[in-house]
Structures are given as structure tokens and as C-alpha cells.
Amino acid sequence: MHPHGEKILLSEQEIKTRVAQLGRVISEDYKGKELLVIGILKGAIIFLTDLVRSINNPIYFDFMSVSSYGDSASTSGEVRILKDLDKSIEDRHVLIVEDIIDTGLTLDYLTHVLSSRGPASLKICTLLDKPSRRVTPVYVHYRGFSISNDFVVGYGLDYNERYRNLPYIMALRPKIYGGGS
Ligand code: IMP
């Protein structure tokens with residue numbers, strides 16, 4: 001494990017197995033339909049690229065970048081669009097792919113923005129969920145894993161842009177992000 005890690009939460013193999021399961025369920029749910037997958041940059045990128053290879057349907061990608069955290073490990077509560085979608089989502093079956101839902105503020109904001117643009121359907125798929133931290137309720141259609149309150153990195157998730165390329169997900173040592181001893 002990386003020396004900044006407290007413990008490995010999800011191994012490479014556990015993630016792989018679960019992502020393949022999610023892909024199968026999504027393929028079945030959208031059978032006969034074209035899917036527009038919207039990846040939320042940058043954290044969801046590794047999850048998205050693995051997930052779409054487990055989905056059989058015709059798929060298009062688009063990406064959005066939002067900021068709610070800046071450089072800190074705690075939320076400011078403010079969501080801003082840094083990069084919007086390239087194309088219209090009107091009458092498309094849209095699946096938002098996110099790395100982690102924490103307070104829910106980011107996805108609450110995104111679902112409001114995107115549902116106002118007239119998609120045929122709009123669902124959320126997140127790899128990780130921290131339900132105990134929720135401030136705003138968010139309906140999650142596809143969830144990889146529910147986790148406890150640790151700050152986690154790896155498999156796309158970062159702290160100050162680091163650790164995204166770790167193939168597993170680990171809890172970061174609190175002293176690295178100033179969260180304790
Ligand atoms: P929310 O708006 O509080 O739900 O936060 C969602 C965003 O916060 C995610 O897309 C991540 O970028 C970031 N985030 C929340 N918890 C973690 C964590 O444990 N590790 C890394 N990023 C996190």
C-alpha cells in the first residue's frame with residue numbers, strides 16, 4: 001500500500017468485480033436504448049472507462065467539470081460549473097457517472113441543472129457513497145459501495161490532485177489532510 005494510506009478499503013479485484021456487476025445491471029435496464037454517459041471530471045474518469053466496457057448498449061460520452069471543494073478535504077457547499085457539456089441532452093437517456101457522493105450537494109445541483117434540459121431520462125451511478133455525510137437527499141440509482149466517513153483516494157479519487165492513479169481505494173492517513181493525529 002502507498003505509505004500515505006491508513007488502510008486499503010477496496011482492492012483492485014473487489015472494484016473490478018463490482019464494476020462488472022454494475023455494467024451488467026445497467027445494460028439490462030437500458031436494453032434497446034442508446035445511453036449518454038456523463039462523466040464528472042476528474043474523479044469519475046477511471047470508474048467511467050472501466051464501467052462502459054462492461055455495458056453492451058450503444059454509448060456516447062460527454063463530460064462536465066464542477067468544483068465544490070477547491071483544495072481542501074471538506075466541502076464549501078458551493079458548486080460551480082467549470083466545464084459544461086459539449087452537446088444538448090434533450091431526449092437522450094442520460095446516466096451521470098460520479099466517483100463519490102458525500103454531502104450530495106454536487107449531485108443535487110447537477111440533477112437540477114440537467115433535468116431542466118429535457119433529457120428522456122436521467123439517472124445517477126456512483127462508485128462510492130458516504131450516506132452518513134449527506135446534507136441534501138439524492139436518489140442514487142446505481143451504487144458501487146457504501147463506505148464510512150474516511151477520506152478516500154485512488155481509482156480516480158484525489159487529495160490535492162494526488163493519488164488518482166492508485167489501482168485500489170485507500171483511506172488517507174488523517175495527518176496527510178490535516179484531519180487529526
Ligand atoms: P458532495 O457534493 O459533498 O457530494 O461531494 C462530491 C465530491 O466531493 C466528489 O465528486 C469528490 O470530488 C469529493 N469528495 C468527497 N469525498 C471525498 C473523498 O473521500 N475523497 C476524495 N474526494 C471526495
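This dialogue works through selected features of a predicted model, one at a time.

Reader: Before we begin, what conventions apply to the numbering and to the values?

Author: Residues are numbered from 1 along each chain as its sequence is written, and side-chain values use heavy atoms, with hydrogens and water left out. Since the model is predicted, local features need pLDDT of at least 70 and side-chain atom pairs count only at pLDDT 80 or more, while totals for chains, interfaces and linings use all residues.

Reader: Which strands form the open sheet, and in what order?

Author: Helices (H or I, at least four residues) and strands (E, at least two) are DSSP runs, numbered from the N terminus, and two strands pair if DSSP finds at least two bridges between them. Here 3 strands form an open sheet in the order β1-β9-β8, with antiparallel pairing. The edge strands are β1 and β8, each of which pairs on one side only. Strand β1 (residues 5-10) is joined to β9 (residues 169-172) by 4 bridges, and Gly-5 stands opposite Leu-172 in β9. Strand β8 (residues 152-153) pairs with β9 over 2 bridges, where Val-153 faces Met-170 as its opposite residue.

Reader: Which residues of helix α2 are buried, and why do they line one face?

Author: An α-helix has 3.6 residues a turn, so residues three or four places apart point the same way. Buried means under 20% relative accessible area, exposed over 50%, and partly exposed in between, with a 1.4 Å probe and protein chains only. In α2 (residues 45-52), the buried residues are Phe-47, Leu-48, Leu-51 and Val-52. Seen down the axis of α2, they fall within an arc of 115° (taken from the directions from the helix axis to the C-beta atoms), so they line one face of the helix. Contact means heavy atoms within 4.5 Å, and the cover over the buried residues of α2 includes α1 (12-29), β2 (35-41), β3 (59-67), β5 (93-101) and β6 (121-129).

Reader: What does Phe-47 touch?

Author: Phe-47, found in helix α2, counts as buried at 0% relative accessibility. Leaving aside residues up to four places away in sequence, Phe-47 touches Val-19, Leu-22, Val-97, Glu-98, Cys-125, Thr-126, Leu-127 and Tyr-155. Phe-47 and Pro-58, by comparison, are 11 residues apart in sequence and 18 Å apart in space, C-alpha to C-alpha.

Reader: Which residues of α3 are buried, and what do they pack against?

Author: The buried residues of α3 (105-115) are Thr-106, Leu-107, Leu-110, Thr-111, Val-113 and Leu-114. They cover an arc of only 165° around the axis, which puts them on the same side of α3. These buried residues pack against β2, β3, β4 (80-83), β5 and β6.

Reader: Which residues come nearest to the ligand, and which polar atoms approach its oxygen atoms?

Author: A residue is near a molecule or strand if one of its heavy atoms lies within 4 Å of it, and a polar contact is a pair of N or O atoms within 3.5 Å; within protein, one must be able to donate a hydrogen and the other to accept it, and residues adjacent in sequence count only if both atoms are side-chain atoms. There are 16 residues around the ligand, of which Asp-102, Thr-103, Thr-106, Lys-130 and Val-152 come nearest. A polar side-chain atom of Thr-103 lies 2.4 Å from an oxygen atom of the ligand. A polar backbone atom of Gly-104 is 2.8 Å from a ligand oxygen atom, and an N or O atom in the side chain of Lys-130 is 2.8 Å from an oxygen atom of the ligand. Taken alone the ligand exposes 490 Å², of which the protein buries 91%; accessible areas come from the Shrake-Rupley method with a 1.4 Å probe, and for residues only the protein chains shown count as cover. The largest share of the shell, 4 residues, comes from β5.

Reader: Where does the backbone have a cis peptide bond or a positive phi?

Author: Most residues other than glycine have a negative phi, and most peptide bonds are trans. A cis peptide bond joins Leu-41 and Lys-42, with omega about -10°, and Lys-42 is found in the loop between β2 and α2. Asp-91 has a positive phi of about 60° although it is not a glycine; Asp-91 lies in the loop between β4 and β5 and counts as exposed at 60% relative accessibility. Asn-160, in the loop between β8 and β9, has a positive phi near 50° and is partly exposed, with a relative accessible area of 39%.
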